[in-house]
Amino acid sequence: MRIELKREGGIAFFPGLARPRTVDLAALPPATAEALQREVREARFFEQPAVVGGSPTAGADRTRYTVTIEDDGGRRHSVQLLEPVKEPHLRSLLDLIQQAARGSA
């Protein structure tokens, strides 16, 4: 399974410096890879709509994350997560992806 995370917007966002981060679960410690796979299942990521989260008062400068996951069977899905992400499993999945991306940078 491969996960791509792209961040846009928010405070201190510099488009020229932002680049998507890729996390390959095969390169992670087994416990981290298992936690990510579990959250992908529990968040029902492949069943999520294209855009999730945000609030009616959200401004144009809110942080947006685009998460693209390709599983080992070739299934690929992208979801744009708008802050604040309130669904607990999607929030947990996003946090785990960010931690893994920082570790693989």
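With which side chain does the side chain of Thr 68 make a polar contact? In this predicted model, the partner is the side chain of Ser 78, at 2.6 Å. Thr 68 sits in strand β4 and is tucked away from solvent, since its relative accessible area is 6%, which puts it under the 20% mark for a buried residue. Setting aside neighbours within four places in sequence, Thr 68 is in contact with Arg 2, Ile 3 and Glu 4, and also with Arg 76, His 77 and Ser 78.

Those contacts are easier to place with the sheet in view. The sheet is open and has five strands, lined up in the order β2-β1-β4-β5-β3 with mixed pairing. At the edges are β2 (21–24) and β3 (51–53), each of which pairs on one side only. From one strand to the next, the twist averages 20 degrees. Strands β1 and β2 run antiparallel and are joined by four bridges. Here Ile 3 stands opposite Val 23 of β2.

Ile 3 turns up again in the nonpolar core. The largest such core holds 25 residues, and Ile 3, Leu 36, Phe 45, Val 67, Ile 69 and Leu 81 have the most contacts inside it. At least two residues each come from β1 (2–8), α1 (30–42), β4 (64–70), β5 (76–82) and α2 (88–104). The top contributor is α2, with six residues. As a general matter, nonpolar side chains in soluble globular proteins tend to be buried together. Leu 36 gives a good feel for how the pieces meet: beyond four places in sequence, Leu 36 touches Ile 3, Val 23, Leu 25 and Leu 28, and on top of those Leu 93, Leu 96, Ile 97 and Ala 100.

Two spots in the backbone deserve a look. Most residues other than glycine have a negative phi, and most peptide bonds are trans. Arg 44 goes the other way on phi, with a positive value of about 50 degrees although this residue is not a glycine. Arg 44 lies in the loop between α1 and β3 and counts as exposed because its relative accessibility is 52%, with the cut-off being over 50%. The other spot is the peptide bond from Glu 83 to Pro 84, which is cis, with omega near 0 degrees. Pro 84 belongs to the loop between β5 and α2.

Note on methods. Residues are numbered from 1 along each chain as its sequence is written. This is a predicted model: local features need pLDDT of at least 70, side-chain atom pairs count only at pLDDT 80 or more; totals for chains, interfaces and linings use all residues. Side-chain values use heavy atoms; hydrogens and water are left out. A nonpolar core is a set of buried Ala, Val, Leu, Ile, Met, Phe, Trp, Tyr and Cys residues joined through side-chain atoms within 4.5 Å. Buried means under 20% relative accessible area, exposed over 50%, partly exposed in between (1.4 Å probe, protein chains only). Contact means heavy atoms within 4.5 Å. Two strands pair if DSSP finds at least two bridges between them. Axes are lines fitted to C-alpha atoms, for helices over the stretch in contact, and angles run from 0 to 180 degrees between N-to-C directions. A polar contact is a pair of N or O atoms within 3.5 Å; within protein, one must be able to donate a hydrogen and the other to accept it, and residues adjacent in sequence count only if both atoms are side-chain atoms.
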